[in-house]
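Let's take a walk through a protein together, one piece at a time. Have a look at the picture below, turn it around if you can, and then read on.

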Amino acid sequence: MTKVSDKIIVALDVATKERALDLVEQLHDQISFFKIGLQLYTAEGPEIVRAVLSTGAKVWLDIKLHDIPNTVARAVESANRLGAHMLTIHLSGGSEMICAATAARANNMTILGVTVLTSATEQTLSEIGISDKVENQVLRLAKLGVEAKIDGIVASPHEIKILRAEFGDKIRIAVQGIRPIWAEPGDQKRFMTPCQAIAAGADYIGIGRPITAHPNPREAVAKILDELHT
Ligand code: C5P
């Protein structure tokens, strides 16, 4: 059975390699999985992925690929060669792009699909020509992804229920927008606590600022793990 601490992924949304590696060093005996997103990857490139992997931790490369199928497939191969354990693509790229990504996957790398960004609303969808509810668009894109053999979905915690109802245990679900009860909500509006997200059926929970912006990140992780074990 997966240990509950293995379900927590710390988002290294920081500007420099030094700050990121300092966090990994502080947390390495509590956390085994870290997320490298666009801010850090754009600043430091593949070297930061190698550096985090060299500590023995796993890496979720959250660079949300969305391009022509051939370009996405080649980028998936590059992520395989880097040794990333998990990679995100945008499902709005369509089935041909998603199939190109899943066909290029190797080394058991998990490919997660992004449906509708948690920052998007019905108004955002209507701006790009989609006149439907966010929930319907999430399900439509998730189905496209599952048919094209992705491994899982990145979702808001509030979408876990509809995704599990539709796909059962066929997919893994990674959620973000997580706030422990004691943390500042910041810009997260529709959040869940780590305990609520795990109880709702999340396989992975990505947490950033409640840990990385805490004056004592180790203490923040310890509090979250305590809450999950009680
Ligand atoms: O808010 P927090 O710092 O915990 O964010 C962690 C991750 O969650 C970020 O790397 C971002 O990709 C994602 N996020 C999200 N929806 C938001 C805000 C952040 O999915 N509204």
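How many salt bridges does the structure hold? There are 10 salt bridges in this model, which is a predicted one. We will come back to some of them once we have a map of the strands and helices.

Start with the strands. Eight of them close into a barrel, and following them around gives the order β1-β2-β3-β4-β5-β6-β7-β8, with parallel pairing. From one strand to the next, the twist averages 25 degrees. As a piece of background, strands of a sheet pair through backbone hydrogen bonds, and the pairing can be parallel or antiparallel.

Now look at where the barrel closes. Strand β8 covers residues 204-207. It pairs with β1 in the parallel sense over three bridges, and here I9 stands opposite G206 of β8. Strand β8 also pairs with β7 (residues 172-175), again in the parallel sense, over two bridges. In this pairing, A174 stands opposite Y204 of β8.

Which way do the residues of β8 point? Y204 and G206 point one way, while I205 and I207 point the other way, and all of them are buried. This fits a common pattern: in a regular strand the side chains alternate between the two faces of the sheet.

Elsewhere in the barrel, β2 and β3 pair in the parallel sense over five bridges. One match to find is G37, whose bridge partner in β3 is D62. Helices lie against these strands too. Helix α8 (residues 160-167) packs on the sheet, where it touches β6 and β7, and its direction makes about 175 degrees with that of β7. Helix α4 lies across β3, β4 and β5 and runs at about 165 degrees to β3.

Let's stay with α4, which is made of residues 69-82. Does its length fit what we should expect, or not? With 14 residues at 1.5 Å a residue, α4 should span 20 Å, and its end C-alpha atoms are 20 Å apart, so the two agree. The buried residues in α4 are V72, A73, V76, A79, N80 and L82. Among the elements that cover them are α2 (38-44), α3 (46-53) and α5 (95-104), along with the strands β3, β4 and β5. After α4 comes G83, which has a positive phi near 100 degrees.

Helix α1 (residues 17-27) gives us another view of burial. Its buried residues are A20, L23, V24 and L27. They cover an arc of only 100 degrees around the axis, so they sit on the same side of α1. On the other side of α1, E18 and E25 are exposed. The buried residues of α1 pack against the strands β1 and β2 and the helices α2, α3, α10 (209-212) and α11 (217-229).

Next, zoom in on a single residue, I111, in strand β5. Is I111 buried or exposed? Its relative accessibility is 0%, so I111 counts as buried. Leaving aside residues up to four places away in sequence, I111 touches V76, L87, I89, A101, T102, R105, I150, D151 and G152.

Two of those neighbours, R105 and D151, bring us back to the salt bridges. D151 forms a salt bridge with R105, and the closest N and O atoms are 2.8 Å apart. This pair links distant parts of the chain, 46 residues apart: D151 is in the loop between α7 (134-147) and β6, and R105 is in the loop between α5 and β5. R105 has a relative accessible area of 23%, so it is partly exposed.

Another salt bridge joins the side chains of D62 and K64, at 3.0 Å from N to O. D62 is buried, with a relative accessible area of 3%, whereas K64 is partly exposed at 25%. K35 is linked with D62 and K64 in a network of salt bridges.

Our last stop is the salt bridge between D132 and R140, where the closest N and O atoms are 2.7 Å apart. D132 is partly exposed, with a relative accessible area of 22%, and R140 is partly exposed as well, at 43%.

Definitions and conventions: Residues numbered from 1 in each chain as written. Predicted model: local features only at pLDDT ≥ 70, side-chain atom pairs only at ≥ 80, totals over all residues. Heavy atoms only, no water. Helix = DSSP H or I, 4+ residues; strand = E, 2+ residues; numbered from the N terminus. Expected span 1.5 Å × (residues − 1). Buried < 20%, exposed > 50% of the residue type's maximum accessible area, 1.4 Å probe, protein only. Contact = heavy atoms within 4.5 Å. Arc of directions from axis to C-beta. Salt bridge = Lys/Arg side-chain N within 4 Å of Asp/Glu carboxyl O. Pairing = 2+ DSSP bridges. Axes fitted to C-alpha atoms, helices over the stretch in contact; angles between N-to-C directions.
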